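The report that follows concerns the structure shown here, with attention to its annotated spans and its aromatic side chains.

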Amino acid sequence: MQIRNTLRTYGSAAIALHWLVAVTVVGLAILGLWMTDLTYYSPYYRSAPFWHKSIGVSLAGLIVLRLLWRWVNPRPAHIPGHKVWELRLASLVHGLLYLLLIVIVLSGCLISTAKGQGIDVFGWFTLPALITGLPEQADRAGLVHYWLAISVLVLAGLHALGALKHHFIDRDNTLRRMLGLRQHSPEEH
């Protein structure tokens, strides 16, 4: 498999970035929901937020990298047989996923830096607190962060259901090409 996309398939870089973002988002959601129930006396009270923030900042870098890769390496052509409404819905869902992920990362930064402290990223560097002291900054950003994260999970679920619909009902190559699998010709169905 080649690194770059072709007219027919996604390249290994696009596939790797897609799945790395997906796994990271799900992992952050699980970690984020779990850590909200931690008490001060939990051994993970400090370490869970550290990992959540560090991985969240890394996710921001992955999203930027994925968008840049997509910009310099256009997507393969649409699979014949996709309906116009399916293409529009897929485009809308992809756009919303990117937008919501960016806002989630920004709201996470606003939560973490509300008191003027930067974000320690894996102990490698500290992301400075650029916006601080807004009225109820952490609480308001926390609500945005939570509800948009839930929205991303719902959209990602719809995205996955769409891929499964294409695979099992339409029997086309939509899912196969994002998994990097050999694609079937229309005659093989």
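Are tyrosine 40 and tyrosine 41 buried or exposed? Both tyrosine 40 and tyrosine 41 are exposed, where buried means under 20% relative accessible area, exposed over 50% and partly exposed in between, with a 1.4 Å probe and protein chains only.

The model is predicted, so that local features need pLDDT of at least 70 and side-chain atom pairs count only at pLDDT 80 or more, while totals for chains, interfaces and linings use all residues. Residues are numbered from 1 along each chain as its sequence is written, and side-chain values use heavy atoms, with hydrogens and water left out.

An unreviewed UniProt entry places the domain "Cytochrome b561 bacterial/Ni-hydrogenase" at residues 10–180, and it lists transmembrane regions that include residues 12–35 and 89–114; such positions follow the numbering used here, feature names are shortened, and annotations may be inferred rather than shown by experiment. The table gives helix and strand content, taken from DSSP runs (helices H or I, at least four residues; strands E, at least two; numbered from the N terminus).

| Span | Helix | Strand | End C-alpha distance |
|---|---|---|---|
| Residues 10–180 | 69% | 4% | 7 Å |
| Residues 12–35 | 100% | 0% | 34 Å |
| Residues 89–114 | 92% | 0% | 37 Å |

The whole structure holds seven aromatic pairs, counted where ring centres of Phe, Tyr or Trp (its six-membered ring) lie within 6.5 Å, with planes under 30 degrees apart stacked, over 60 edge-to-face and the rest tilted. The pair of tyrosine 40 and tyrosine 41 is edge-to-face because the ring centres are 5.4 Å apart and the planes stand at 85°. Phe50, Trp51, Phe122 and Trp124 together make one aromatic cluster.
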